[in-house]
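Hi,

Here is the structure I said I would pass on. Have a look at it first, and then read on for what turned up.

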Amino acid sequence: MKISYQIIISSLFLVATTSMVSCTSTTKDQKQVKDSVAKVVLPQPFHVHKVVEIKPGLTLDILSWGRGAKLSAAYLILRSDSLNNEYKSITGELDGKITDAWNMDMDSDGNPELFIQAVGTEKDHYLSLYVYEFSESGSYKELKFPDLTNSTKKLYRGKDLLYIKDGALFREFSLFDESDTAGTKPTGKKLLGYSIRGNSFAVNEIKADKKAD
């Protein structure tokens, strides 16, 4: 389904904000004033909104959306190039809730990659990562983030730690016995490093539990 960029932007201008100030008097000369922070609520069907500025005049708005959707929905990327007056959009299926979004140029080719991080809700805190590389003209390629090996999946219970160091992306998570489905007693950790070569991810295992390959 093709979504009108203008309709989405119009909907976002309808964001509701609420602010409340309460005062409690203790004595005639003393008052305690409590200000609540304004809370921004996105209108339905939007859930999360992240903004990534590639450079002045070039901004990516990342949204998750879907009426009644909790565990899965869809994501929407709005590319605004105000200098060239060009506006484009990308949409895809989303597994989990968007928790972060950022841009990098991991292969140093001058074309930034957008990373959208999502995590499963409730008991399954599993990581999903959606990656797109954009050219100067606004064309894009989706880069598939590598799956874990089958043996590692049996020991994986989510709750990943992602961080960037020296231009590389690192993913760290605990490992558990196959019988420990609740993930209560970790038996080790795994640390994976990711780089991009020729529009494809390369994975380097830095630390590994003996039970995982």
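Let's start with L143, which is found in strand β12. Keep in mind that this is a predicted model. L143 has a relative accessible area of 3%, and the cut-off for buried is under 20%, so L143 counts as buried. What does L143 touch, leaving aside residues up to four places away in sequence? The list is E113, V131, E133, I196, N199 and F201. There is also F115 to look at: F115 sits 28 residues from L143 along the chain, and the C-alpha atoms of the two are 9.8 Å apart.

Now for the sheet that β12 belongs to. It is an open sheet of four strands, in the order β9-β10-β11-β12, and the pairing is antiparallel. At the edges you will find β9 (97-104) and β12, each of which pairs on one side only. Ignoring direction, neighbouring strands in this sheet are turned by 20° against each other on average.

Strand β10 (residues 113-119) is worth some time on screen. With β9, β10 pairs in the antiparallel sense over seven bridges. If you want to follow that pairing residue by residue, M104 has E113 in β10 as its bridge partner, and K97 stands opposite V119 in β10. Towards β11, β10 is again joined by seven bridges, and these two strands also run antiparallel. Here F115 stands opposite V131 in β11. That V131 is one of the residues touched by L143, and so is E113, the β10 partner of M104.

How many residues of β10 are buried? Seven of its seven, as it turns out. Both faces are covered, with E113, F115, Q117 and V119 buried on one side and L114, I116 and A118 buried on the other.

Q117, in strand β10, caught my eye. Its relative accessible area is 13%. Because the limit for buried is under 20%, Q117 falls in the buried class. Not counting residues up to four places away in sequence, Q117 touches K97, I98, T99, D100, W102, L127, S128, L129 and L162. Among these, K97, I98, T99, D100 and W102 fall within β9 (97-104), while L127, S128 and L129 fall within β11 (127-134).

Two of those contacts of Q117, L127 and S128, bring us to the pocket. The largest pocket has a volume of about 470 Å³. Of the 22 residues that line it, D95, Y126, L127, S128 and D147 are the closest to its centre. Which strand gives the most to the lining? That is β11, with five residues. Both β11 (127-134) and β12 (140-143) supply at least two residues each. By type, the lining divides into 11 nonpolar, four polar and seven charged residues.

Lastly, some numbers for the whole protein chain. There are two helices and 16 strands. Of the 213 residues, 39% are buried. Taking the contacts with a separation of 6 or more, 37% are between residues 24 or more positions apart.

If you open just one view, I would go for β10 between its partners: seven bridges to β9, seven to β11, and seven of its seven residues buried.

Cheers

How values were computed. Residues are numbered from 1 along each chain as its sequence is written. This is a predicted model: local features need pLDDT of at least 70, side-chain atom pairs count only at pLDDT 80 or more; totals for chains, interfaces and linings use all residues. Side-chain values use heavy atoms; hydrogens and water are left out. On a 1 Å grid over the protein atoms alone, a cavity is a set of points where a 1.4 Å probe fits but cannot get out, and a pocket is an open set with protein on both sides within 12 Å along at least five of seven lines; lining residues have an atom within 4 Å of a point. Grid points are joined across faces, edges and corners, and a volume is the space filled by probe spheres set on the points. Ala, Val, Leu, Ile, Met, Phe, Trp, Tyr, Cys and Pro count as nonpolar, Asp, Glu, Lys and Arg as charged, and the others, Gly among them, as polar. Buried means under 20% relative accessible area, exposed over 50%, partly exposed in between (1.4 Å probe, protein chains only). Contact means heavy atoms within 4.5 Å. Two strands pair if DSSP finds at least two bridges between them. Axes are lines fitted to C-alpha atoms, for helices over the stretch in contact, and angles run from 0 to 180 degrees between N-to-C directions.
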